[in-house]
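Here are some short exercises to work through with the model open beside you. Try each task before reading its solution.

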Amino acid sequence: MRLRVRLKSLAFLGLVSLCGVIYTFTGSHVGSWIWESEKPRRIARLSAEDLHALRGYPWQAPAPATVSSSTSKLTLNDTLAHLPKGKTNPPCDRTCQFRRLREQTLVADSQIHNKYLLKNNASNSKPRVTPHMVGLAKVRESLKECDRACRIAKLKSTRLMKGGYSSRVRVENVTLPNSWTVTRELIDRLSARRNHVKEVCKKYELDRPSENYQPNAWEFLVNEEYGLVWCNVFKAASSTWFYNFNLLAGFSETELLHAKDTPIQLARKKYPRPTVDELHKAMNTTPQPLSFMIVRHPLQRLVSGYRDKILSGSRFYSKLARTIIKQYPELGPGETRERPKSWGVFGKTVPRAIVPSFPQFVQFLLDEAARGQKLDEHWTPMSQFCTPCLVNFDVFAKVETLEEDGNYIIFSAGIEDVIKPKRINRSRNEPTDAVADKFLCQLSQRQMKGLLQLYKYDLELFQYDASKYVNCTVT
């Protein structure tokens, strides 16, 4: 009887395995046959040189630079007929390709015209303004709008409109005043901050590069079009100003609030990280750009980083959290927090997550700094992150006075009609400045002393007082 049961089980398993092999074999071949039958025919893409050759190069009667011109030798419909047809509807793909090719053609025409002038020893004569040169700016402007429409169409097609970035943060609208006048009090305050930074830098001899203190251009964003240079200090209104800089780069409000990418990921697509030489060149152009950084009380910034990256259970910091708990068991079992309800399995509640307590996190931070390890960008001292002693900033804005300081930057740069500013806060609970005492007062006097030494330059450069946190520490 047992032998018969075993034989039936083996036969059943063999049948299942055979069905799996047959399904895999036939499915792959049938699927590939269907894919090949539905796959659109590919033809060679038109390059700028091809487009130029197709429409010729008549200097006596150059083709108008508008893409809808009926007198051009290669019209929009002609070009679209040769472009590969994908699943994306116009204007996302085919029309944008035509405009991009048109732009490349106009640039090629300009280069050929310059070579023609040099060949005929006409370099000293005034360059003749041809229709294609006049229309180049219009084509580029229409190409920007086309690309933006393409990106929004892709957002809709991937159904990111329902979620994305705005579902992970708290977004508040900010209304700019219709007119704004710079007060003498504000000018004096910003000037005093700038002079104080220079004095402290000179006091500690930080105004000259050294082996341990070099300019950090890696975190700067340079917008040449609007004359702005910004060093983003994480946990100091960085999300808000990444949003503003992305608007200036051409992203739409819809893209920024519903895209899956974070603001910094989108920004780095438009703002490459500059080198020290590139940053120096950008800050010394004429007219000189407005350079600024936004600072925050270093201890409150530390609490904000802990809440956002450690206490919230961020998956990118989960390994670090486990490491901290294992290294400092003597400082307690850690903090417990409820995981989101969506993490439940089959109606059962997932056990609460354990994350490092604030004293455990601070001790890890102090030990890492003592070993000379590079700290995470969210709690690296601002004096090291943006090197204000080696970069001549025009404005030192503060989170505590950001509404007025931000208006000064916006209206001074003349971008009040370009951006639609918003206040973006990653924490959906109480603001950090309201709960900072709760966390900082958990520390021992030794830990607080270590933090004051770690953020010594930040506290003195930007004139922040930490006495109330020192007085409440545990003995």
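**Exercise 1: an enclosed space**

The second largest cavity has a volume of about 40 Å³. Work out which residues line the second largest cavity and how they divide by class.

*Solution.* Start with the ground rules: this is a predicted model, where local features need pLDDT of at least 70, side-chain atom pairs count only at pLDDT 80 or more, and totals for chains, interfaces and linings use all residues. Residues are numbered from 1 along each chain as its sequence is written, and side-chain values use heavy atoms, with hydrogens and water left out.

Next, the term: on a 1 Å grid over the protein atoms alone, a cavity is a set of points where a 1.4 Å probe fits but cannot get out, and lining residues have an atom within 4 Å of a point. Volume is the space filled by probe spheres set on the points, which are joined across faces, edges and corners.

Now the lining: it consists of Arg193, Val197, Phe396, Lys398, Leu461, Phe462 and Gln463. Helix 6 (184-203) and strand 7 (395-398) are the elements that give two or more residues to it. (Helices are DSSP runs of H or I, at least four residues, and strands are runs of E, at least two, numbered from the N terminus.)

Last, sort by class: four are nonpolar, one is polar and two are charged. Here Ala, Val, Leu, Ile, Met, Phe, Trp, Tyr, Cys and Pro count as nonpolar, Asp, Glu, Lys and Arg as charged, and the others, Gly among them, as polar.

**Exercise 2: helix 6 again**

Find how helix 6 and helix 15 pack, giving the angle and the distance between their axes.

*Solution.* Helix 15 covers residues 402-413, and its angle with helix 6 is about 95°, with the axes 12 Å apart. (Axes are lines fitted to C-alpha atoms, for helices over the stretch in contact, and angles run from 0 to 180 degrees between N-to-C directions.) The two are therefore roughly perpendicular, a label for 65 to 115 degrees.

Then list the contact, meaning heavy atoms within 4.5 Å. Leu186, Ile187, Arg189, Leu190 and Arg193 of helix 6 meet Glu404, Asp405 and Tyr408 of helix 15. That makes four nonpolar, no polar and four charged residues.

**Exercise 3: a second helix pair**

Describe how helix 11 and helix 16 pack.

*Solution.* Helix 11 (residues 298-311) and helix 16 (residues 432-440) have axes 9 Å apart, at about 90°, so they too are roughly perpendicular to each other. Among the contact residues are Leu299, Val303 and Tyr306 of helix 11 and Val435, Ala436 and Phe439 of helix 16. By class, the contact has eight nonpolar, three polar and two charged residues.

**Exercise 4: backbone oddities**

Where is the cis peptide bond, and what is the phi of glutamate 205?

*Solution.* The cis bond joins threonine 286 and proline 287, with omega about 0°. Proline 287 lies in the loop between helix 10 (276-283) and strand 4 (290-295). Glutamate 205 has a positive phi, near 55°, and sits in the loop between helix 6 and strand 2 (220-223).

Notes: On a 1 Å grid over the protein atoms alone, a cavity is a set of points where a 1.4 Å probe fits but cannot get out, and a pocket is an open set with protein on both sides within 12 Å along at least five of seven lines; lining residues have an atom within 4 Å of a point. Angles under 35 degrees count as roughly parallel, over 145 as roughly antiparallel, 65 to 115 as roughly perpendicular and the rest as oblique.
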